[in-house]
Amino acid sequence: MAEPSVSIETMGYTQLIEDIGQGVVKIPAFQRDFDWDLDRTLRLLDSIAKCYPIGSFLFWDTEEELGSLRNIGNIALPDVPAGRQVSYVLDGQQRITSLYASVVEAEVEGETYKVYADLEADPRREEIFRRDCPNARTCIPLADLVGERAHTITPRLAKARLRRFSEIREAFRTYQFPVVRVRNQPSHAVCEMFERVNRGGMSLNLFDIMVAKTWSKDFNLRERWDQLSDEFEQKGFGFDGRLMLQAIAAHVRGGVSERDIMGVGRDDIAEAWGHTGACLKLTVDFLRQAVSLPSLGLLSYPAVLVVLSHFFDRNGRMNPDAKRSQQLCQYFWRVGFGARYYADAGSRTEADMKLMGDLAGKTRRVLWEVDPVPPERIIEAPHKPSWAFSAAVLAALAKTGPVDLHSGMPVTLDNSLSRANGRHYHHIFPKKWLAGKGWDEKQANSVANIMLIPAQTNLGIGAQPPSKYLREFARKAGTNWRRWLRTHLIFSSAEDALMRDDYARFLKERSKSIADRANRLMGL
């Protein structure tokens, strides 16, 4: 068996394009998705035309066949020719994809990579390549400039343009890329090499690194995640791949730090994948059913998904009984209203995972102590769903089962097919109206001033004061009116303040109702 080796060579632009087109240069599936836009591609081509360096490529030359490869846009690349070694791209796929897509005019992510060289652009002050062609006499498609059809174009060019055409064509056809070639290395060593090269340059996130580290012919982390994440997205609980890795690390290693994730081996992650996915599905079902959480947008911290999935892992993927269901719900609300993971998130997450293990193991445990939420905290909290406390308040409002004050129909809180029925965060006292009365932006944006109603109803209210638009709703609702208001935690004293357009009193009264609901949900 040949010894592993590393060599540094050069490769011409023309040879690179030919090798890609013949199936000799391939992009392995463990590479992350192509994410360069056309503007970056134009700058790359401009650098080549001006003979600037664009960096080196790292190739793995091997006879080993990988089970999953990437095409370039809508161009299906041929199989590796019989008897030829293949060069897998370990570093440089964004640049290589851009170079090939632009010369074959591929369509990538809905955008056609057709580019033109401007023969009248001054290379000292301007970029040579552009995406449009304002003048067919001065702008030449890259494919024609570097390809075999050049002789059909040159006869119609004026002398100065012909000179620029020849200069740009010569720059491309003689350009040499530095290439580091790795030969006779097994796939697991190459994946580790890919991880180290990209990690050293900080160009990959943790998920990308784990894709490379755990890749094998039988397991592709990125493909598995794409399939699983679609299921969560459909339920309004889409989250990123890192959280999935944290859940796996929690089950396999008992921790969720980057070190724990990196410590999960290829065989471990492949073996734990189905089990962890099932635990997360049970977690989402629990949040939707027991907590009445409509979507991930109202979750205080994503770590809650990891912690609760750990309960289902330790509980044998079984739903909790009534007592433990109550404890899990109280855990959820205490995390949000207590902003538990705001600081020292790692150690608190791991402490809560131990708590989940004890609960599943029927060990007698009580939740940590929390202070009751005072009404003043509700008034001072801004309407900011990305803030844990605000998200908890909105989730508590969602749990009351709010109805549309215009029709009495339940508000759709997760995914609506119609945009008009989509959930809106309505400022009960419109901000524009409050500004006219001397209230500033911060005061007007209190979470106590928020109501969950359909978009259509919200947009129809505009900047009217509550006394005006609510009286009309109340007239149409008749005897149902106060029952409908209660679904938004608005009771008689707060209603009276609304009808008098008394914002200060309304905040005071409604915040009492919300605080009372929050404390009950936390089990206080």
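Student: Which residues do ring pairs link into a cluster?

Tutor: This is a predicted model, and in it Phe-332, Trp-333, Phe-337, Trp-387 and Phe-389 are joined into a cluster by ring pairs. One of these rings also has a charge over it: the charged end of Arg-377 sits over Phe-389, 3.9 Å from the ring centre.

Student: How many aromatic pairs does a search of the whole structure find?

Tutor: The search turns up 22 aromatic pairs. As a general idea, you describe a pair of aromatic rings by the distance of the centres and the angle of the planes. Take Tyr-331 and Trp-368: their centres are 6.0 Å apart with 85° between the planes, an edge-to-face pair. Tyr-331 belongs to helix H14 (residues 322-337), while Trp-368 is in the loop between helix H15 (345-360) and helix H16 (375-380), so this pair ties together parts that are 37 residues apart in sequence.

Student: Are Tyr-331 and Trp-368 buried or exposed?

Tutor: Both are buried. Trp-368 also has the charged end of Arg-340 over its ring, 3.9 Å from the centre. Now try Phe-429 and Trp-433: 6.0 Å centre to centre, but 45° between the planes, which is a tilted pair. Phe-429 and Trp-433 are buried as well.

Student: Let's move on to cysteines. How many disulfides does the structure hold?

Tutor: Zero. The idea is to check the distance between the sulfurs, with a cut-off of 2.5 Å. For Cys-133, the nearest cysteine sulfur belongs to Cys-139 and is 4.6 Å away, so this pair does not count as a disulfide. Cys-133 is partly exposed at 31% relative accessible area, whereas Cys-139 is buried at 3%.

Student: And what about salt bridges: how many does a search of the whole structure find?

Tutor: There are 27 salt bridges. To read one, look at the N to O distance and then at how accessible each partner is. Arg-314 and Asp-313 have their closest N and O atoms 2.1 Å apart; Arg-314 is partly exposed at 41%, but Asp-313 is buried at 12%. Asp-132 and Arg-130 meet at 2.8 Å, N to O, with Asp-132 partly exposed at 38% and Arg-130 partly exposed at 26%.

Student: Which salt bridge links helix H19 with helix H18?

Tutor: That one pairs Glu-441 in helix H19 (residues 441-444) with Lys-431 in helix H18 (residues 431-436), 10 residues apart. The N to O distance is 3.4 Å. Glu-441 is exposed at 51%, and Lys-431 is partly exposed at 33%. Salt bridges can share partners too: Glu-9, Asp-61, Arg-181 and Arg-183 are joined into one network that way.

Terms used. Residues are numbered from 1 along each chain as its sequence is written. This is a predicted model: local features need pLDDT of at least 70, side-chain atom pairs count only at pLDDT 80 or more; totals for chains, interfaces and linings use all residues. Side-chain values use heavy atoms; hydrogens and water are left out. Buried means under 20% relative accessible area, exposed over 50%, partly exposed in between (1.4 Å probe, protein chains only). Rings of Phe, Tyr and Trp (its six-membered ring) pair if their centres lie within 6.5 Å; planes under 30 degrees apart count as stacked, over 60 as edge-to-face and the rest as tilted. Helices (H or I, at least four residues) and strands (E, at least two) are DSSP runs, numbered from the N terminus. A charge sits over a ring if NZ of Lys or CZ of Arg is within 6 Å of the ring centre and within 35 degrees of the ring normal. A salt bridge is a side-chain nitrogen of Lys or Arg within 4 Å of a carboxyl oxygen of Asp or Glu.
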